[in-house]
Amino acid sequence: MTGWRKAWEARDSGQYLSFYAQDFTDLHRDKSEWSAYKTRVNADKKFIRVDISDVSIMEEPARPELVNVVFMQRYVSDNHRWQGRKQQLWPHDD
């Protein structure tokens, strides 16, 4: 998670997006659409800070090929603030 967070804070879209699987979806966009959106949004930022806490990582009982990751995220940029719980499903992958 540290590399993902640091790439996001650096606004390095290529590195940031490399952490997302090819079959990624945010339930509204596929990876291609997500990549275009995040590249556009991050390019407009003067700074981004992301704090992550209370990380929980558990195998998904019904889908053992996945890991359920839950954490609290605090996001601050020059024009947006957000804080809340995030949940991600990660594949068992290198």
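Here are some notes on the fold, the sheet and the pockets of this chain.

1. **What you are looking at.** Keep in mind that this is a predicted model. The chain holds three helices and three strands, and if you follow the sequence you meet them in the pattern α-α-α-β-β-β. So the helical part comes before the strands.

2. **Overall size.** How compact is the chain? Its radius of gyration is 14 Å, close to the 12 Å that the globule rule gives for 94 residues, so the chain is as compact as a globular protein of that length. If you want a feel for the dimensions, the C-alpha atoms fill a box of roughly 40 × 30 × 25 Å along the principal axes.

3. **The sheet.** The three strands make an open sheet, ordered S1-S2-S3, with antiparallel pairing. Strand S1 (48-59) and strand S3 (81-91) sit at the edges, each pairing on one side only. On average, neighbouring strands are turned by 20° against each other, ignoring direction.

4. **From S1 to S2.** A hairpin of six residues links S1 to S2. The two strands run antiparallel and are joined by ten bridges. For a landmark, look at Asp 51: its bridge partner in S2 is Arg 74.

5. **From S2 to S3.** Here the hairpin goes through three residues. Strand S2 (residues 66-77) is joined to S3 by eleven bridges, and this pair is antiparallel too. Which residue of S3 is the bridge partner of Asn 68? That is Leu 89. Along the same pair of strands, Val 70 stands opposite Gln 87 in S3.

6. **A helix over the sheet.** Helix H1 (residues 2-9) lies across S1, S2 and S3. Against S1, helix H1 runs at about 160°.

7. **The largest pocket.** This one has a volume of about 1,200 Å³. Its lining counts 27 residues, and Tyr 20, Phe 24, Gln 88, Leu 89 and Trp 90 are the ones nearest the centre. Leu 89 is worth a second look, since you have already met it as the bridge partner of Asn 68.

8. **Who builds that lining?** H1, helix H3 (31-43) and S3 each supply at least two residues of the lining of the largest pocket. Which element gives the most? It is S3, with eight residues. By class, the lining of the largest pocket splits into 16 nonpolar, four polar and seven charged residues.

9. **The second largest pocket.** Its volume is about 260 Å³. Several aromatic names turn up in the lining, among them Trp 8, Tyr 16, Trp 34, Tyr 37, Tyr 75 and Trp 82. The lining also includes the lysines Lys 38, Lys 45 and Lys 86, along with Val 41, Gln 73 and His 80.

10. **Where that second lining comes from.** H3, S2 and S3 each bring at least two residues to the second largest pocket. The largest share, four residues, comes from H3. Sorted by class, there are seven nonpolar, two polar and three charged residues in this lining. If you turn the model around to compare the two pockets, H3 and S3 are useful guides: both contribute to the lining of the largest pocket, and both contribute to that of the second largest.

Terms used. Residues are numbered from 1 along each chain as its sequence is written. This is a predicted model: local features need pLDDT of at least 70, side-chain atom pairs count only at pLDDT 80 or more; totals for chains, interfaces and linings use all residues. Side-chain values use heavy atoms; hydrogens and water are left out. Two strands pair if DSSP finds at least two bridges between them. Axes are lines fitted to C-alpha atoms, for helices over the stretch in contact, and angles run from 0 to 180 degrees between N-to-C directions. Contact means heavy atoms within 4.5 Å. On a 1 Å grid over the protein atoms alone, a cavity is a set of points where a 1.4 Å probe fits but cannot get out, and a pocket is an open set with protein on both sides within 12 Å along at least five of seven lines; lining residues have an atom within 4 Å of a point. Grid points are joined across faces, edges and corners, and a volume is the space filled by probe spheres set on the points. Ala, Val, Leu, Ile, Met, Phe, Trp, Tyr, Cys and Pro count as nonpolar, Asp, Glu, Lys and Arg as charged, and the others, Gly among them, as polar. The radius of gyration is taken over C-alpha atoms; the globule rule is 2.2 Å times the number of residues to the power 0.38.
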